[in-house]
Amino acid sequence: MTIALSPLSGGLLIGLSSMLLLLTLGRIAGVSGIVWGAFTDPDRSWRLQFIIGLIAGTAAIHAFTGKPLPPAADGSILLAVGAGLLVGFGTRLGSGCTSGHGVCGIGRRSVRSIVATLVFIAAGVATVALTMYFGG
Amino acid sequence: MRGITGLLTGLLFGAGLALSGMTDTAKVIGFLNVFGGWDPDLMWVMSGALVVTLIGTPLVLSKTKPMFDAAFSLPLATTVDRRLVAGAVLFGMGWGLWGYCPGPAVAALAYGDISTVVFCIAMLVGMWLAGKSGLTISRLQQ
């Protein structure tokens with residue numbers, strides 16, 4: 001298997017970002033928690049900055065590298081609502097998402113995060129398999 | 001520096017997501033489609049990120065405190081409980097149905113697609129509903 005350089009270097013940047021946030025503010029770079037905290041936690045400033053940075057960083061990569069924008073997601077608005085509700089409900093109930101559990105939590109060898117990551121990947125794999133089988 | 005560290009770390013994170021192709025729902029669905037035409041890219045993204053955090057986290061946490069705050073704010077929960085597993089199952093289902101987890105969903109707001117805006121609003125409503133359900137543990141316990 002050849003190493004995919006863009007995904008690998010993108011991953012390195014994500015890891016670096018997580019480490020900088022831990023080093024400077026002592027915080028876990030878990031996007032679900034940061035987004036919810038931006039609306040509910042009095043310590044709002046760094047969280048809003050992080051969200052603006054996420055959007056601006058994405059825009060900057062396309063602007064400076066000429067990487068084409070990905071096509072809009074495939075699916076109905078109803079599906080977007082249902083999937084968004086599940087992602088929001090699930091990440092709050094499970095205390096984290098791909099970044100908080102998958103990148104930061106495994107990085108600090110949290111058993112909860114290792115279990116959560118294995119479970120949400122398995123649930124995602126099963127969901128895609130079922131949608132491909134019944135709808136694809 | 002403390003004043004803009006949130007912005008700088010967000011920029012790096014967003015750049016990483018876009019560079020790696022994770023803001024494309026088709027690539028994420030492709031990774032989860034292990035019984036079809038599997039796309040390994042997300043595995044490379046996770047590998048790159050984990051190399052850094054697995055090595056970096058113990059080094060950072062060996063300090064007594066972060067640079068710009070009095071203490072590290074780390075989750076306190078240590079037991080694997082039903083909330084964690086049920087939450088991960090529901091999240092994984094939504095992730096597989098659409099192809100976005102929270103990071104890429106917010107980052108992809110840069111593209112201005114209405115469906116991404118709808119997804120993000122629904123995600124916030126889902127988070128609110130989870131709180132209303134009384135099932136979540138408090139932020140302090142997390």
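Is Cys104(A) buried or exposed? Cys104(A) is buried, because its relative accessible area is 6%, under the 20% cut-off. The model is a predicted one. The points below start with the fold of chain B, move to the interface, and return to this cysteine.

1. **Chain B, the fold.** Chain B holds 6 helices and 0 strands. Its pattern along the sequence reads α-α-α-α-α-α. The C-alpha trace spans about 45 × 35 × 30 Å along its principal axes. Of the contacts in chain B with a separation of 6 or more, 46% join residues 24 or more positions apart.

2. **Chain B, inside and outside.** The chain has 142 residues, and 50% of them are buried. The area that chain B exposes is about 6200 Å². Carbon and sulfur atoms supply 70% of that exposed area.

3. **The interface.** Here 103 residues of chain B touch 103 residues of chain A. Between them the two chains bury about 9200 Å². Carbon and sulfur atoms carry 78% of that buried area. Three residues deserve a look: Phe13(B), Leu19(B) and Trp44(B). Together they supply 8% of the area chain B buries against chain A, more than any other three residues.

4. **The salt bridge across the interface.** The rule finds 1 salt bridge between chain B and chain A. Its partners are the side chains of Asp81(B) and Arg112(A). The N to O distance is 3.6 Å.

5. **Helix α5 of chain A.** This helix covers residues 98–107, and 10 of its 10 residues are buried. Among them are Thr98(A), His101(A), Val103(A), Cys104(A) and Ile106(A). The glycines Gly100(A), Gly102(A), Gly105(A) and Gly107(A) are buried too. What covers them? Both chains contribute: the cover includes α1, α2 and α6 of chain A, and α1, α3 and α4 of chain B.

6. **Cysteines without a bond.** How many disulfides are there over all chains? The count is 0. Cys104(A) sits in α5(A), and the cysteine sulfur closest to its own is in Cys97(A). That sulfur is 9.0 Å away, so the pair is too far apart for a bond; a disulfide needs sulfur atoms within 2.5 Å. In chain B, Cys120(B) is also buried, with a relative accessible area of 10%. The closest cysteine sulfur to that of Cys120(B) is in Cys101(B), at 11 Å, again too far for a bond.

7. **Positive phi values in chain A.** Most residues other than glycine have a negative phi. Ser95(A) has a positive phi, near 60°. Its place is the loop between α4 and α5 of chain A. Arg109(A) also has a positive phi near 60°. Arg109(A) comes just after α5(A), in the loop between α5 and α6. Arg109(A) counts as partly exposed because its relative accessibility is 49%, and exposed means over 50%.

8. **A nonpolar surface patch.** Eight side chains are worth displaying together: Ile77(A), Val81(A), Ile114(B), Val117(B), Ile121(B), Val125(B), Trp128(B) and Leu129(B). They make a nonpolar surface patch of about 680 Å². Which helices each supply at least two of its residues? They are α4 (77–93) of chain A and α6 (114–132) of chain B. Helix α6(B) gives the most, with 6 residues. On the chain A side, Val81(A) is found in helix α4. Val81(A) counts as partly exposed, at 31% relative accessibility. That value matters here because patch residues need over 30% relative accessible area.

9. **The segment after α6 of chain B.** Thr136(B) lies in this segment. Thr136(B) is buried, with a relative accessible area of 18%, and the cut-off for buried is under 20%. What does Thr136(B) touch, not counting residues up to four places away in sequence? In chain A its contacts are Arg92(A) and Leu93(A). In chain B they are Arg83(B), Ala130(B) and Gly131(B).

How values were computed: Residues numbered from 1 in each chain as written. Chains lettered and ligands numbered in written order. Predicted model: local features only at pLDDT ≥ 70, side-chain atom pairs only at ≥ 80, totals over all residues. Heavy atoms only, no water. Patch = residues over 30% accessible without salt bridge, like charges linked within 9 Å, V, L, I, M, F, W, Y side chains within 5 Å. Areas by Shrake-Rupley, 256 points an atom, 1.4 Å probe, with all protein chains shown as cover. Salt bridge = Lys/Arg side-chain N within 4 Å of Asp/Glu carboxyl O. Helix = DSSP H or I, 4+ residues; strand = E, 2+ residues; numbered from the N terminus. Buried < 20%, exposed > 50% of the residue type's maximum accessible area, 1.4 Å probe, protein only. Contact = heavy atoms within 4.5 Å. Buried area = accessible area lost by both parts, 1.4 Å probe.
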